[in-house]
Amino acid sequence: MRDNDRTEAKQTANAEPKALVAQEGSTALAAHDGSTPLAAHDGSTPLVVQGSDLSLAAPILDRYASTPGSLITILQELQDVYGYLPEDVLYHVADRLGISPAHVLGVATFYAQFRLTPMGRHLVMVCKGTACHVNGSDRISATVEEYLGISGGQTTADGMFTLENVSCLGCCSLAPVMMVDGEAHGRLDGRAAVRVLEEIRAAEEDA
Ligand code: FES
């Protein structure tokens, strides 16, 4: 990552760092055989190339491509357009900016605000704020992660659930809280949290 991007990144609101899964010079964006689904991607294998409509990126890249240190702004606006950051769009950004794909992926994976997979049909947010933490939110998130087979920030392979860990859902009196599709479920334990998700899954399967 170049110095100017690091500087810009530090100044960007809501740019919380997350695990860096690919760094400059890594081979994470090498050719791929399609065997590793994006939903389960952990950075140890290359990403799957997709067929995104790159014309959607043109106005954003036209606006910022010649502005130094604009990579994070570009990624933020692209995510607003696509809902996440598809791999082929990241390649396209690298090409337009004249930087390596590994550099772009390094920035995209460093900050929690960026998503490399599409949102699931149901957004599950487990609160890890103080009130929820002291009331056992770690056990809830561990149980939910085990049930869904994913970690925070990931989407299940069937596209049904996206799991996010958040810092406060604004209803601390209900701690510990899990919010699903905007509906808060309070005073949960792990089993009750999983029951909420099982009901959603069952309703989709019956539909
Ligand atoms: S800390 Fe969990 S809702 Fe506020």
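**Figure 1. Ala108 and its contacts in a predicted model.** Let's start with one residue, Ala108, in this predicted model. Setting aside neighbours within four places in sequence, Ala108 is in contact with Leu75, Leu85, Leu90, Phe114 and Leu116. Ala108 also belongs to the largest nonpolar core, which has 19 residues. Together with Leu75 and Leu85, Ala108 touches the most other members of that core. Where do the core residues come from? Helix 2 (58–64), helix 3 (71–82), helix 4 (87–97) and helix 5 (101–110) each supply at least two of them.

**Figure 2. Another nonpolar core.** Apart from the largest core lies another one, made of 18 residues. Its members include Phe161, Ala175, Val177 and Leu197. Look out for Leu197 in the next view, where this residue of helix 8 takes part in a meeting with helix 7.

**Figure 3. Helix 7 against helix 8.** Two packed helices are described by the angle between their axes and the distance between the axes. Here, helix 7 (residues 137–148) and helix 8 (residues 190–206) pack at an angle of about 40 degrees, and their axes are 8 Å apart. Because of that angle, helix 7 counts as oblique to helix 8. The crossing of helix 7 past helix 8 is right-handed. Which residues meet? From helix 7 come Arg139, Ile140, Thr143, Val144 and Tyr147, while helix 8 brings Gly190, Ala193, Val194 and Leu197. Sorted by character, the residues of this contact are 6 nonpolar, 2 polar and 1 charged.

**Figure 4. Pro176 in its loop.** You can find Pro176 in the loop between strand 2 (161–166) and strand 3 (178–180). Is this proline buried or exposed? Pro176 is buried, because 29 other C-beta atoms lie within 10 Å, and 20 or more are enough to count as buried. Leaving out neighbours within four places in sequence, its contacts are Cys127, Cys132, Asn135, Gly136, Ser137, Ile140 and Leu188. Take a moment to find Leu188: this leucine is 12 residues from Pro176 along the chain, and their C-alpha atoms are separated by 5.9 Å. Ile140 may look familiar too, as one of the helix 7 residues that meet helix 8.

**Figure 5. Stepping back to the chain.** How many helices and strands does the protein chain have? There are 8 helices and 4 strands, and along the sequence they follow the pattern α-α-α-α-α-β-α-α-β-β-β-α. Of the 207 residues in the chain, 29% are buried. Among contacts between residues at least 6 apart in sequence, 65% join residues at least 24 apart.

Terms used. Residues numbered from 1 in each chain as written. Predicted model: local features only at pLDDT ≥ 70, side-chain atom pairs only at ≥ 80, totals over all residues. Helix = DSSP H or I, 4+ residues; strand = E, 2+ residues; numbered from the N terminus. Buried ≥ 20, exposed ≤ 12 C-beta atoms within 10 Å, placed from the backbone. Contact = placed C-beta atoms within 7 Å. Core = buried A, V, L, I, M, F, W, Y, C linked by C-beta atoms within 7 Å. Axes fitted to C-alpha atoms, helices over the stretch in contact; angles between N-to-C directions. Parallel < 35°, antiparallel > 145°, perpendicular 65-115°, else oblique. Left-handed = near helix turned anticlockwise from the far one by under 90°. Nonpolar A, V, L, I, M, F, W, Y, C, P; charged D, E, K, R; others polar.
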